[in-house]
Amino acid sequence: MTIRERPSPNHDARPEGGRVDMLVLHYTGMKSAAEAIDRLCDPAAKVSAHYLIDEDGTVWRLVEESRRAWHAGISFWQGTENVNAVSIGIELVNPGHEWGYRTFPEAQMTALEALGRELLSRHPIPPDRVVGHSDVAPLRKQDPGELFDWARLARVGIGLWPTEPAPPPKDVPAVQAMLGTIGYRAPGSRLLDDETRHVLVAFQRRFRPRRVDGGLDDETAARISAVERAVSALRTLRRA
Ligand SMILES: [Zn+2]
């Protein structure tokens, strides 16, 4: 894989000894790749990512993996508050929901698979810590969105796409508990309130992309329990 260099000034030192154990996927949400790269390299914007993949499969390195790029903002996953500190961020060029959201082309997906496999060979990133920006910031973010093919990525060993069924949650508090086990900052309201619906939307974009409405239909409930079971199994393995 050829990587082009376009250094961004927007990074700083990784705290916590430089441990990297998460991968966060984004879309750029801008009209063009050039516009997105300019912004990610603009010192005034104070945002960046480690890599950007254009729709034609060109991979740009903006920030060295040893440094902390500024891609996730205020975020949370599995108890981790500062996701940037422990993650690699990849931006996928796509206009996003604001400017004409569209499918991620074959060349872009192929490049992402190759880059993702390299990252997993360098860093101990477990499947349940490969996430979308909307997973770690469900109240603010929609990317990479429901057109992103997470199942395809999981087939090449990057991330999670469980297919084994599990008993569905019996009520809303059980749903919230399962979402919390998966990694989301789960509301403790015990109600299907706005915040819980936002988390459900994020979950659906990731694991039930044909229905992104924040509702709790049978299929969404079944997917939540299947993912929760898979994540629990991975965590048990990690503790062993
Ligand atoms: Zn993002």
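Which residue is the bridge partner of L52 in strand 5? The bridge partner of L52 there is W60, and the legends below set this pair in its surroundings. This is a predicted model, in which local features need pLDDT of at least 70 and side-chain atom pairs count only at pLDDT 80 or more, while totals for chains, interfaces and linings use all residues. Residues are numbered from 1 along each chain as its sequence is written, and side-chain values use heavy atoms, with hydrogens and water left out.

**View 1. The open sheet and its strand order.**
The sheet is open and consists of 6 strands in the order 1-5-4-7-3-8, with mixed pairing; helices (H or I, at least four residues) and strands (E, at least two) are DSSP runs numbered from the N terminus, and two strands pair if DSSP finds at least two bridges between them. Strand 1 (3-5) and strand 8 stand at the edges with a single partner strand each, so one side of each is left without a neighbour in the sheet. From one strand to the next the twist averages 25°. Strand 4 (residues 51-53) and strand 5 (residues 59-61) run antiparallel and are joined by 3 bridges, whereas strand 4 and strand 7 pair in the parallel sense, also over 3 bridges. L52 stands opposite E91 in strand 7. Helix 4 (residues 106-122) packs on the sheet, where it touches strand 3, strand 4, strand 5 and strand 7, and its direction makes about 155° with that of strand 4; axes are lines fitted to C-alpha atoms, for helices over the stretch in contact, and angles run from 0 to 180 degrees between N-to-C directions.

**View 2. Strand 3 between strand 7 and strand 8.**
Strand 3 runs parallel to strand 7 (residues 87-92), to which 6 bridges join it, and parallel to strand 8 (residues 130-132), to which 3 bridges join it. L25 has I90 as its bridge partner in strand 7 and G132 as its bridge partner in strand 8, while V24 stands opposite G89 in strand 7. Both faces of strand 3 are covered, with M22, V24 and H26 on one side and L23, L25 and Y27 on the other, all of them buried; buried means under 20% relative accessible area, exposed over 50%, and partly exposed in between (1.4 Å probe, protein chains only). In strand 7, S87, G89 and E91 point one way and I88, I90 and L92 the other way, and all are buried.

**View 3. The zinc site.**
The zinc ion is coordinated at 2.1 Å by H26 (ND1), H133 (ND1) and D143 (OD); donors are N, O and S atoms within 2.8 Å of the metal (3.2 Å for Na, K and Ca), and water is not among the atoms, so sites may look incomplete. Along the sequence, the donor residues follow the spacing H-x106-H-x9-D. H26 lies in strand 3 (residues 22-27) and H133 in helix 5 (residues 133-136), so the pair ties together parts that are 107 residues apart in sequence. Both H26 and H133 are buried.

**View 4. Helix 7 and its packing partners.**
In helix 7 (residues 172-182), the buried residues are P173, A174, V175, Q176, M178, L179 and I182. These residues pack against helix 8 (194-207) and helix 9 (218-239), contact meaning heavy atoms within 4.5 Å. At the start of helix 7, a side-chain oxygen of D171 reaches to within 3.0 Å of the backbone nitrogen of A174, and just after the helix G183 takes a positive phi of about 145°.

**View 5. Two nonpolar cores.**
The largest nonpolar core has 25 residues, and those with the most contacts inside it are L179, I182, Y184, F203 and I224; a nonpolar core is a set of buried Ala, Val, Leu, Ile, Met, Phe, Trp, Tyr and Cys residues joined through side-chain atoms within 4.5 Å. Strand 3, helix 2 (83-86), helix 7, helix 8 and helix 9 are the elements that give two or more residues to this core. Beyond residues up to four places away in sequence, F203 touches L179, I182, Y184, R208, T220, R223, I224 and V227. A second, separate core of 23 residues includes V20, L25, L112 and L119.

**View 6. The loop between helix 8 and helix 9.**
V212 lies in this loop and counts as partly exposed, at 29% relative accessibility. Leaving aside neighbours within four places in sequence, V212 is in contact with E146, V201, Q204 and R205.

Definitions and conventions: A polar contact is a pair of N or O atoms within 3.5 Å; within protein, one must be able to donate a hydrogen and the other to accept it, and residues adjacent in sequence count only if both atoms are side-chain atoms.
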